[in-house]
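Me: I would like to learn how to read the features of a model like this one. Please start with the surface and then move to the side-chain pairs.

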Amino acid sequence: MKKRLILALVLAFVFPLSLAASPLSDTTAVIEEQEVVVVGAPSVDTTVVQTFEWKELLVGQPASDADYDFRRTERPLNKRWSYMGGHYAGASLFYNGLVQDLGHLRLPPDAGWMHLASNSIGVDLNPLDFVLVSNRHFGLITGLGFEINNFRFENNIGITQNDQGYIVPDETYNQNGITLDKSKLTTVYMNIPLLVEFKIGRSGGYVNGGVVGGLRLSSHTKVKTESPSTIEKSHRGLNLRNFHYGVHLQGGYRNYGIVAKYYPQSIFTTGGGPDVRQVNIGIILTL
């Protein structure tokens, strides 16, 4: 009888001490009113913690299990989106087109001589992009780009100003019996976009769109004659706009995409040349 009494006293004294010596870990997850309350989150990188959602845990489940479960079952955010921004920085190759407007995808009557060849290829070089506002599926993006346009004329004809200062085809080559082998108009703009970008699901797809404005850095015409073989460039008297603005639309998968731009104003100043608008359609490889 005495042995049983002593054993009961010992157990009554030792059991509370063992509980006090090994309390629940500071990182134990507890469920209260259908919510998971975590006291002292697991010691992992802060950025990683923000990219995961907590997994519902059993009451009293050890922190090591909690850490293992939420890392094993949840998918992290795309780090490219979190740190590198959107899909503007990179390089694109596109076809330069001239149209009357989007409702009339042809040249106006007074600009029939400006038909472009199939090798009217331009290049966009966009070294930078910045995310202004973003979350997991949306971003407001700006950046810096350089747009190089090459309008190659199908009829190999030069351009010049008439007596009224209006851009017209240069007939002096034909009048002098000189045949042109190539002719083109080149413009270079520094562009700044403002784009809204959306991620599509979890596959890496995206679509963005917005406006772009640019400052003309340089421009020139270039003609190559056959006989005699010469190359002539002209940087003056082109009546081109110093500023342009347009609409940018782009979509793709990861670093590959299709891009289109449309500028709703004429490439020439008002009254300075035919009322023709620029359209670019091409492919882009983003950084």
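Reply: Accessible areas here come from the Shrake-Rupley method with a 1.4 Å probe. This is a predicted model, and the accessible surface of the protein comes to about 17000 Å². Carbon and sulfur atoms hold 60% of that surface.

Me: What share of the 287 residues is buried?

Reply: A residue counts as buried under 20% relative accessible area, as exposed over 50%, and as partly exposed in between. In this protein, buried residues are 37% of the 287.

Me: How many helices and strands does the protein have?

Reply: There are five helices and 13 strands. As for contacts with a separation of 6 or more, 67% of them join residues that are 24 or more positions apart.

Me: How many salt bridges does the structure hold?

Reply: The general idea comes first. Side chains of opposite charge can pair when their charged atoms come close. The cut-off is 4 Å between a side-chain nitrogen of Lys or Arg and a carboxyl oxygen of Asp or Glu. The structure holds three such salt bridges.

Me: Which residue forms a salt bridge with Asp124, and how far apart are the closest N and O atoms?

Reply: The partner is Lys261, with 2.7 Å between the closest N and O atoms. This pair links distant parts of the chain: Lys261 belongs to strand 12 (residues 256–266) and Asp124 to strand 4 (residues 121–134), with the two positions 137 residues apart in sequence. Lys261 and Asp124 are both buried.

Me: Where does Glu147 lie, and how far is it from Lys261 in sequence?

Reply: Lys261 also meets the side chain of Glu147 in a salt bridge, at 2.8 Å from N to O. Glu147 sits in strand 5 (residues 138–152), 114 residues apart from Lys261 in strand 12. Glu147 is buried, as is Lys261.

Me: Which side chain meets Arg277 in a salt bridge?

Reply: That is Asp275, with an N to O distance of 3.1 Å. To read the burial of this pair, compare each value with the cut-offs. Arg277 has a relative accessible area of 16%, so Arg277 is buried. Asp275 is at 39%, so Asp275 counts as partly exposed. A further step is to look for shared partners: Asp124, Glu147 and Lys261 are joined into one network by salt bridges.

Me: How many aromatic pairs does the structure hold?

Reply: Two. The reading uses the angle between the ring planes: under 30 degrees is stacked, over 60 is edge-to-face, and the rest is tilted. Trp113 and Phe153 form a tilted pair, with 6.3 Å centre to centre and 45° between the planes. Trp113 is in the loop between strand 3 (90–99) and strand 4, while Phe153 is in the loop between strand 5 and strand 6 (158–161), so the pair ties together parts that are 40 residues apart in sequence.

Me: Is Phe153 buried or exposed?

Reply: Phe153 is buried, because its relative accessible area is 3%. Its partner Trp113, at 14%, is buried too.

Me: Which residue pairs with Phe138, and at what angle between the planes?

Reply: Phe138 pairs with Phe198; the pair is tilted, with 50° between the planes and 5.9 Å centre to centre. The two lie 60 residues apart, Phe138 in strand 5 and Phe198 in strand 8 (residues 180–200). Phe138 has a relative accessible area of 27%, so Phe138 is partly exposed. Phe198, at 42%, also counts as partly exposed.

How values were computed. Residues are numbered from 1 along each chain as its sequence is written. This is a predicted model: local features need pLDDT of at least 70, side-chain atom pairs count only at pLDDT 80 or more; totals for chains, interfaces and linings use all residues. Side-chain values use heavy atoms; hydrogens and water are left out. Helices (H or I, at least four residues) and strands (E, at least two) are DSSP runs, numbered from the N terminus. Buried means under 20% relative accessible area, exposed over 50%, partly exposed in between (1.4 Å probe, protein chains only). Contact means heavy atoms within 4.5 Å. Rings of Phe, Tyr and Trp (its six-membered ring) pair if their centres lie within 6.5 Å; planes under 30 degrees apart count as stacked, over 60 as edge-to-face and the rest as tilted.
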